[in-house]
Amino acid sequence: DQVNFLSEFWTEEKLLNLRKNIGIGKLINNFGTNPEIKFIALQDSIGIIAASKDIQPISTITKDTFLLDSYSHNHSIHRITEYNQTKVLESAIKIQNGNEDMILRLGISLEKVRQINQRNTTRTIFLGIGLLIIIAGTTVFVYQRANHQKLKEVHQQMLDYTSVLLANINEAIIGIDLKGKIILYNHKAEMLFGKI
């Protein structure tokens with residue numbers, strides 16, 4: 001009597017709904033709501049057992065060497081593949097459930113990775129340009145400083161040469177600037193005109 005009551009109460013449809021609401025299908029759908037997760041699927045050699053909502057057609061185990069490799073071995077494998085016209089990182093791992101072997105597949109969007117790579121590329125370009133500007137500025141500074149040092153040396157040599165020349169000339173020499181101010185004279189000029 002109790003068995004009849006339970007069989008009437010727990011119809012196949014109610015059991016299926018209960019399984020969907022608390023079983024693996026519910027967990028997969030909960031994980032599948034993450035926008036970065038493009039698909040989650042639990043499948044066996046026959047087909048899909050549970051999958052995230054709005055899943056697009058995916059390959060079967062028997063027709064995909066990637067999945068056959070995971071199905072044949074007890075390790076997780078990964079690949080970059082196309083899913084719904086976007087690149088995804090797909091991971092697959094074999095799950096043993098008694099006599100039934102299944103594969104859990106997870107497809108994660110590579111859009112964030114692409115955006116990060118693009119930002120890193122942009123940063124690298126700007127850093128490279130900045131470094132190039134710093135190197136160019138440093139090179140110009142070093143070159144200018146070397147030229148300035150060379151000019152100072154040449155100027156000092158000219159002053160030394162002029163001093164020797166003025167000291168050894170027997171004529172009185174007086175140098176004036178554009179305003180008429182005396183800027184140099186030799187010993188002979190000092191002897192002739194007194195201290196200038």
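User: Which strand is Ser 91 found in?
Analyst: Ser 91 is found in strand β4. Keep in mind that this is a predicted model.

User: Does that count as buried or exposed for Ser 91?
Analyst: Ser 91 counts as buried because its relative accessibility is 18%, and the cut-off for buried is under 20%.

User: OK, what does the side chain of Ser 91 make a polar contact with?
Analyst: With the side chain of His 78, at 2.7 Å. His 78 is also paired with Ser 91 through the backbone ladder, as its bridge partner in β4.

User: And which residues is Ser 91 in contact with, leaving aside neighbours within four places in sequence?
Analyst: Ile 77, His 78, Leu 104, Arg 105 and Leu 106.

User: How many bridges join β3 to β4?
Analyst: There are 7 bridges, and the two strands run antiparallel. They also form a hairpin, with 2 residues between β3 and β4.

User: Anything odd about phi in that turn, say which residue has a positive one?
Analyst: Asn 84 does, with a phi of about 55 degrees.

User: Now the other side of β4. How many bridges pair β4 and β5?
Analyst: β4 and β5 pair over 10 bridges, again in the antiparallel sense. As for who faces whom, Lys 94 stands opposite Ile 103 in β5, and Ala 92 stands opposite Arg 105 in β5.

User: What about the turn between β4 and β5, which residue there has a positive phi?
Analyst: Gly 98, at about 65 degrees. That hairpin has 2 residues between its strands.

User: Zooming out, what's the strand order in the sheet?
Analyst: The order is β2-β1-β5-β4-β3, an open sheet of 5 strands with antiparallel pairing. At the edges sit β2 (48-51) and β3, each of which pairs on one side only. On average, neighbouring strands of this sheet are turned by 25 degrees against each other, ignoring direction.

User: Which helix packs on the sheet, touching β3, β4 and β5?
Analyst: That's α4, and its direction makes about 30 degrees with that of β4.

User: Which residues of α4 are buried?
Analyst: Phe 66, Leu 67 and Ser 70 are buried in α4, which covers residues 65-72. Looking down the axis of α4, those buried residues fall within an arc of 90 degrees, so they line one face of the helix.

User: Why would residues three or four places apart point the same way in an α-helix?
Analyst: Because an α-helix has 3.6 residues a turn.

User: What covers the buried residues of α4?
Analyst: The cover includes β3 (77-83), β4 (86-97) and β5 (100-109).

User: And which exposed residues are on the face of α4 turned away from the buried side?
Analyst: Thr 65 and Ser 72 are the exposed residues that face carries.

User: What caps the N-terminal end of α4?
Analyst: Asp 64 does: one of its side-chain oxygens lies 3.0 Å from the backbone nitrogen of Phe 66.

User: Last topic, the whole chain. How many helices and strands?
Analyst: The protein chain comes to 6 helices and 7 strands. Along the sequence they follow the pattern α-α-α-β-β-α-β-β-β-α-β-β-α.

User: How much of the protein chain counts as buried?
Analyst: 19% of its 196 residues. The accessible surface is about 15300 Å², with 60% of that belonging to carbon and sulfur atoms.

User: And among contacts between residues at least 6 apart, what share join residues at least 24 apart?
Analyst: 31% of those contacts in the protein chain.

Key
Residues numbered from 1 in each chain as written. Predicted model: local features only at pLDDT ≥ 70, side-chain atom pairs only at ≥ 80, totals over all residues. Heavy atoms only, no water. Buried < 20%, exposed > 50% of the residue type's maximum accessible area, 1.4 Å probe, protein only. Helix = DSSP H or I, 4+ residues; strand = E, 2+ residues; numbered from the N terminus. Arc of directions from axis to C-beta. Contact = heavy atoms within 4.5 Å. Polar contact = N/O pair within 3.5 Å; in protein donor to acceptor, adjacent residues only side chain to side chain. Areas by Shrake-Rupley, 256 points an atom, 1.4 Å probe, with all protein chains shown as cover. Pairing = 2+ DSSP bridges. Axes fitted to C-alpha atoms, helices over the stretch in contact; angles between N-to-C directions.
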